[in-house]
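The following report describes a protein chain by its charged pairs, its strands and the surroundings of selected residues. Please keep the sequence and the structure in view while reading.

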Amino acid sequence: MAECDANEDASVAIVGTTDEPQANQQPEVQQPVDVAQQVDDPTASMPAFEAQADVGDVRVMVRAGEGTFPDGATLSVENATADELQQAEEAVDDARDEGRNVVTSYTLDNKVLDAGGAELQPAEGHKVEVSFTLA
């Protein structure tokens with residue numbers, strides 16, 4: 001199981017459009033949403049969160065206690081991009097003990113999203129439990 005907290009760095013997702021890009025036009029960048037900034041009302045509903053998703057042979061399960069994510073949050077799990085896969089493979093190669101080989105590995109992009117599709121970070125001080133099993 002892996003845990004992350006609200007102080008970890010977040011990745012940036014570039015959102016594309018179907019329109020032809022205009023000269024000097026910058027791509028729209030969607031930053032992850034800080035739950036504390038998103039929820040102006042301290043009494044807003046933030047129930048415990050539990051979700052799972054299957055990608056290929058892998059089931060990803062995410063659990064978080066009450067107060068971690070706003071009501072309506074969803075889990076998004078996708079296969080990693082080629083660049084993310086290469087970075088992960090390099091990190092594993094660097095950390096793996098000499099003489100040991102990886103039989104199978106999976107590289108996935110796991111996110112918790114708000115109702116509008118923006119990536120959420122856990123509320124400060126809250127932990128998120130992520131587990132993986134073969135589906």
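In this predicted model, the side chains of R59 and D54 meet in a salt bridge with an N to O distance of 2.8 Å, a salt bridge being a side-chain nitrogen of Lys or Arg within 4 Å of a carboxyl oxygen of Asp or Glu. R59 counts as partly exposed because its relative accessibility is 27%, and D54 is likewise partly exposed at 43%; here buried means under 20% relative accessible area, exposed over 50%, and partly exposed in between, computed with a 1.4 Å probe on protein chains only.

Local features need pLDDT of at least 70 and side-chain atom pairs count only at pLDDT 80 or more, whereas totals for chains, interfaces and linings use all residues. Residues are numbered from 1 along each chain as its sequence is written, and side-chain values use heavy atoms, with hydrogens and water left out.

The structure holds 5 salt bridges, among them the three in this table.

| Salt bridge | Closest N and O atoms |
|---|---|
| R59 and D54 | 2.8 Å |
| K111 and D109 | 3.5 Å |
| E50 and R63 | 3.6 Å |

E50 and R63 form a salt bridge, and this pair links distant parts of the chain, with E50 in strand β5 (residues 49-55), R63 in strand β6 (residues 58-64) and their positions 13 residues apart in sequence. E50 is exposed, with a relative accessible area of 60%, whereas R63 is partly exposed at 34%. K111 and D109, which are joined by a salt bridge, are both buried. Salt bridges that share partners also join E50, R63 and E129 into one network.

As for the overall fold, the protein chain comprises 2 helices and 10 strands, where helices (H or I, at least four residues) and strands (E, at least two) are DSSP runs numbered from the N terminus. From the N terminus on, the order of these elements is β-β-β-β-α-β-β-β-α-β-β-β. Of the 135 residues of the chain, 28% count as buried. Among contacts (heavy atoms within 4.5 Å) between residues at least 6 apart in sequence, 69% join residues at least 24 apart.

Strand β8 (residues 108-113) is largely enclosed by the rest of the structure, because 5 of its 6 residues are buried. Strand β7 (residues 74-79) runs antiparallel to β8 and is joined to β8 by 6 bridges, two strands being paired if DSSP finds at least two bridges between them. Within this pairing, V77 has N110 in β8 as its bridge partner.

V112, which lies in strand β8, counts as buried because its relative accessibility is 8%. V112 and T74 are 38 residues apart in sequence, yet their C-alpha atoms are 5.6 Å apart in space. When residues up to four places away in sequence are not counted, V112 touches F49, V62, F69, A73, T74, A118, E119 and L120.

What does the side chain of D114 reach at 2.8 Å? That partner is the backbone nitrogen of A118, and the backbone nitrogen of G117 lies 2.9 Å from a polar atom of the D114 side chain. D114 is found in the loop between β8 and β9 (120-121). Although D114 is buried, D114 has no salt bridge, and the nearest side chain of opposite charge, K111, is 12 Å away; Lys and Arg count as positive and Asp and Glu as negative, while His and the chain ends are not counted.

Methods. A polar contact is a pair of N or O atoms within 3.5 Å; within protein, one must be able to donate a hydrogen and the other to accept it, and residues adjacent in sequence count only if both atoms are side-chain atoms.
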